Amino acid sequence: NDHGRSLEKGTVNNETLGYFMARTQLFMEKIGINPARLRFRQHLQTEMAHYAADCWDCEIHTSYGWVECVGHADRACYDLMVHAEATGTSMEASER
């Protein structure tokens, strides 16, 4: 599929992000959205959130034009890092 090829080419940042984008595509089609009116648009560096390594919007073409309906963001370890800094608690996982 297109998401698998995008992952292989490095267009999509990581496998987990690609997986959820593909699941979103399948869901949209299952609820009746015409695939020809559906697209994923990658955020430009200038519009990406400060915490994101990669961001994509699932957009549907409507009578208003392209409208974002789902947003996907690779937040990397941002949330864990901020929590660890705020609480002084390590959020690292390790095997025992």
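**Figure 1. The largest nonpolar core of this predicted model brings together nine residues.** Its members are Val12, Leu17, Met21, Met28, Leu38, Phe40, Trp56, Cys58 and Ile60. Three elements each supply at least two residues of this core: helix H2 (15–30), strand S1 (38–42) and strand S2 (54–62). If the grouping looks familiar, there is a general background to it: in soluble globular proteins, nonpolar side chains tend to be buried together. Cys58, one of the nine, has a relative accessibility of 0%, so this residue counts as buried.

**Figure 2. A closer look at Ile60, a member of the nonpolar core.** Which residues does Ile60 touch, once its neighbours within four places in sequence are left aside? The contacts are with Met28, Ile33, Arg37, Leu38, Gly65, Trp66, Val67 and Cys69. Two of these partners, Met28 and Leu38, belong to the core along with Ile60.

**Figure 3. Cysteines without a disulfide.** The structure holds zero disulfides. Why does Cys58 not form one? The closest cysteine sulfur to that of Cys58 belongs to Cys69 and sits 3.9 Å away, which is too far for a bond, because a disulfide needs the two sulfur atoms within 2.5 Å. Is Cys55 buried or exposed? Cys55 has a relative accessible area of 5%, so this cysteine is buried.

**Figure 4. Asp74 in strand S3 and its surroundings.** Strand S3 covers residues 65–74, and Asp74 lies in it. Although its side chain is that of an aspartate, Asp74 has just 12% relative accessibility and therefore counts as buried. What does the side chain of Asp74 pair with? It makes a polar contact with the side chain of Asn14, at 2.6 Å. Not counting residues up to four places away in sequence, Asp74 touches Asn13, Asn14, Leu17, Tyr51, Ala52, Ala53 and Asp54. Leu17, one of those partners, is also part of the nonpolar core shown in Figure 1.

**Figure 5. Thr62 in strand S2, with Arg37 and Val67.** With a relative accessible area of 25%, Thr62 is partly exposed. Outside its neighbours within four places in sequence, Thr62 is in contact with Arg37 and Val67. Thr62 and Arg37 are 25 residues apart along the chain, yet their C-alpha atoms are separated by 7.7 Å. A polar atom of the Thr62 side chain also lies 3.0 Å from the backbone nitrogen of Tyr64. Arg37 and Val67 are worth keeping in view, as both also appear among the contacts of Ile60.

**Figure 6. An aromatic pair, Tyr19 and Phe20.** The structure holds one aromatic pair. The ring centres of Tyr19 and Phe20 are 5.1 Å apart and the planes meet at 85 degrees, so the pair is edge-to-face. Are these rings on residues that are buried or partly exposed? Tyr19 is partly exposed, at 47% relative accessibility, and Phe20 is partly exposed too, at 43%.

**Figure 7. Stepping back to the whole chain.** Three helices and three strands make up the secondary structure, and along the sequence they follow the pattern α-α-β-β-β-α. Of the 96 residues in the chain, 26% are buried. The chain exposes about 7,100 Å², with carbon and sulfur atoms supplying 52% of that area. Among contacts between residues at least 6 apart in sequence, 34% join residues at least 24 apart.

Note on methods:
Residues numbered from 1 in each chain as written. Predicted model: local features only at pLDDT ≥ 70, side-chain atom pairs only at ≥ 80, totals over all residues. Heavy atoms only, no water. Helix = DSSP H or I, 4+ residues; strand = E, 2+ residues; numbered from the N terminus. Buried < 20%, exposed > 50% of the residue type's maximum accessible area, 1.4 Å probe, protein only. Contact = heavy atoms within 4.5 Å. Areas by Shrake-Rupley, 256 points an atom, 1.4 Å probe, with all protein chains shown as cover. Polar contact = N/O pair within 3.5 Å; in protein donor to acceptor, adjacent residues only side chain to side chain. Core = buried A, V, L, I, M, F, W, Y, C linked by side-chain atoms within 4.5 Å. Phe/Tyr/Trp six-rings, centres within 6.5 Å; stacked < 30°, edge-to-face > 60°.
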